[in-house]
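User: I should like to understand how the terms used for a protein model are justified. Please take each term, set the value beside its cut-off, and draw the conclusion.

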Amino acid sequence: MIDYHIHTSLSDGSGEHREYYNEALRLGLSEMGFSDHFCLRPVPWAMGLDDLPAWKKRMQRVRKECSGSCRVKTGLEVDYFPEREEELRAVLDRLPLDYVIGSVHFLGTWNFDSSPDGYDEWDLRHLYEYYYNLIKKAAESGLFNMIGHLDLVKKFGHRLADGLDEIMTRTLEAISNAGLAVELNTSGRNKPCRDFYPSYTLLEQCYQLDIPVTLGSDAHNPGDVGQHFPDAIDMLKKIGYTRVAVFEKRQIGFQPIRVPQ
Ligand code: ZN
Ligand code: FE
Ligand code: FE
C-alpha cells in the first residue's frame with residue numbers, strides 16, 4: 001500500500017522525514033510520498049517561494065538516506081488560485097516532482113478549513129457551488145496530478161441535504177476528462193465530519209467515471225502515517241477498485257491493492 005499525503009516540519013507537520021519513513025517501513029508500505037504544503041500566498045502552515053531551495057536539497061538527501069523497502073516519492077500539496085495559474089506553472093515546472101496534489105483551502109480570502117466561523121456567512125448551496133467550481137478549474141488547469149481531499153468543504157459537518165448535485169457531477173467529469181486522480185484522504189475521519197474525503201457516494205461516482213485513486217493519510221505527525229488504512233482499503237475494494245495510482249516524475253502508473261501486514 002502507499003501513503004502519498006504526508007506533511008513534515010518543513011510545512012505544518014511536526015516530524016522529520018526519517019521519522020515518517022520509519023513508520024512507513026514499520027507498516028510495510030511499498031511507497032510513501034512527502035507532500036508538504038506550498039502556497040503562493042504567505043501563510044504560516046505552508047512553504048513559500050523562498051523555502052523551495054532548502055526543500056529541494058532536503059528531498060535529495062532524504063531520497064538517498066531513506067533507501068529501504070519503501071520507495072520515497074517527492075510531492076507537494078499546492079494551493080490552487082485561479083488567477084495565478086501561470087505563475088504557479090512556472091514554479092512547478094522547474095521542480096523535481098513525482099506528483100502534485102492540487103488542493104483548495106481558500107474561498108476568496110477565506111481559509112475555510114482553518115476557520116470554521118466563516119460558514120455562517122454563506123448560503124450552503126452557494127458555498128458548495130463556489131467550492132466545486134474551484135476544484136473543477138483546478139482539474140482543468142493542467143497543473144496537478146491529483147485532487148486533494150475532494151470534499152473538504154464538509155470538514156466541519158456542513159453538508160448539502162440532497163447529497164450529490166449537478167455541480168459535483170460536472171466537477172467529477174472535468175477530473176475524469178483531465179485524466180487526474182483523486183486521493184482517498186483518511187484524515188477527515190478525525191474531523192467533525194467523521195468521514196473520509198471523499199465520501200463513499202462520491203468515490204463511487206469517481207469509480208464509475210474511471211477516475212484513478214491514490215491513498216493518503218494527510219499525516220501531520222509520524223504516528224498518523226497509514227491512519228485508518230484498513231477501513232480505506234475495505235472501502236476501495238467494496239466500490240470495485242483493484243489498483244491504486246502511483247506517480248513518478250509526474251507520470252501515472254498503477255499498483256494492485258494489497259493489504260499491509
Ligand atoms: Zn497541513
Ligand atoms: Fe490540505
Ligand atoms: Fe494536507
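User: How far is the iron ion (ligand 2) from the zinc ion (ligand 1) in this model?

Analyst: In this predicted model, 5.4 Å separate the iron ion (ligand 2) from the zinc ion (ligand 1).

User: What makes Glu77, His105 and His149 donors of the iron ion (ligand 2)?

Analyst: A donor is an N, O or S atom within 2.8 Å of such a metal. Glu77 (OE), His105 (NE2) and His149 (NE2) coordinate the iron ion (ligand 2) at 2.1 to 2.2 Å, so they satisfy that cut-off. Along the sequence, these donor residues are spaced E-x27-H-x43-H. His105 belongs to the loop between β4 (99–103) and α4, and His149 to the loop between β5 and α5, so the pair ties together parts that are 44 residues apart in sequence.

User: Why are His105 and His149 called buried?

Analyst: Buried means under 20% relative accessible area. The value for His105 is 3%, so His105 counts as buried. His149 has a relative accessible area of 2% and is therefore buried.

User: Why is the site of the iron ion (ligand 3) called irregular?

Analyst: The protein donors of this ion are His5 (NE2), His7 (NE2), Glu77 (OE) and Asp218 (OD), at 2.1 to 2.3 Å from it. The angles among the four donor atoms run from 82 to 163°. Four donors count as tetrahedral if all angles lie between 85 and 135 degrees. Angles of 82 and 163° fall outside those limits, so the site is not tetrahedral, and it is classed as irregular. The spacing of the donors along the chain is H-x1-H-x69-E-x140-D. His5 sits in the loop between β1 (2–3) and α1 (17–27), whereas Glu77 sits in strand β3 (residues 71–79), so the pair ties together parts that are 72 residues apart in sequence. His5 and Glu77 are both buried.

User: How do you know that the site of the zinc ion (ligand 1) is irregular?

Analyst: Its protein donors are Asp12 (OD), Asp12 (OD), His37 (NE2) and His220 (NE2), lying 2.0 to 2.8 Å from the ion. Among these four donor atoms the angles are 49 to 149°. The tetrahedral class requires all angles to lie between 85 and 135 degrees; values of 49 and 149° break that rule, so the site is not tetrahedral and is assigned to the irregular class. In sequence the donors follow D-x24-H-x182-H. Asp12 is located in the loop between β1 and α1, and His220 in the loop between β7 (213–216) and α7 (229–239), so this pair ties together parts that are 208 residues apart in sequence. As for the neighbouring metals, the iron ion (ligand 3) and the zinc ion (ligand 1) are 4.1 Å apart.

User: What makes Asp12 and His220 partly exposed, and Arg194 exposed?

Analyst: A residue is exposed over 50% relative accessible area, buried under 20%, and partly exposed in between. Asp12 has 31%, so Asp12 is partly exposed. His220, with 24%, is therefore partly exposed as well. Arg194 has 59%, so Arg194 is exposed. Arg194 is found in the loop between β6 and α6, and its C-alpha atom is separated by 18 Å from that of His220.

User: How do you know that the length of helix α5 (residues 166–177) agrees with expectation?

Analyst: At 1.5 Å a residue, the twelve residues of α5 should span 16 Å; the end C-alpha atoms are 16 Å apart, and therefore the two agree.

User: Why are the buried residues of α5 said to line one face of the helix?

Analyst: These residues are Ile167, Met168, Thr171, Leu172, Ala174 and Ile175. Seen down the axis of α5, they fall within an arc of 155°, so they line one face. They pack against α4 (124–140), β5 (146–147), β6 (181–185) and α6 (200–208). On the other side of α5, Glu166 and Asn177 are exposed.

User: What makes the radius of gyration of the chain agree with that of a compact globule?

Analyst: For 261 residues, a compact globule would have a radius of gyration near 18 Å; the chain has 17 Å, so the values agree. The chain has seven helices and nine strands, and 55% of its residues count as buried.

Notes: Residues are numbered from 1 along each chain as its sequence is written. Chains are lettered from A and ligands numbered from 1 in the order in which they are written. This is a predicted model: local features need pLDDT of at least 70, side-chain atom pairs count only at pLDDT 80 or more; totals for chains, interfaces and linings use all residues. Side-chain values use heavy atoms; hydrogens and water are left out. Helices (H or I, at least four residues) and strands (E, at least two) are DSSP runs, numbered from the N terminus. The expected span of a helix is 1.5 Å times one less than its number of residues. Buried means under 20% relative accessible area, exposed over 50%, partly exposed in between (1.4 Å probe, protein chains only). The arc is that of the directions from the helix axis to the C-beta atoms. Contact means heavy atoms within 4.5 Å. Donors are N, O and S atoms within 2.8 Å of the metal (3.2 Å for Na, K and Ca); water is not among the atoms, so sites may look incomplete. Four donors count as tetrahedral if all angles lie between 85 and 135 degrees; four count as square planar and six as octahedral if opposite donors are over 155 degrees apart and all others between 65 and 115; anything else is irregular. The radius of gyration is taken over C-alpha atoms; the globule rule is 2.2 Å times the number of residues to the power 0.38.
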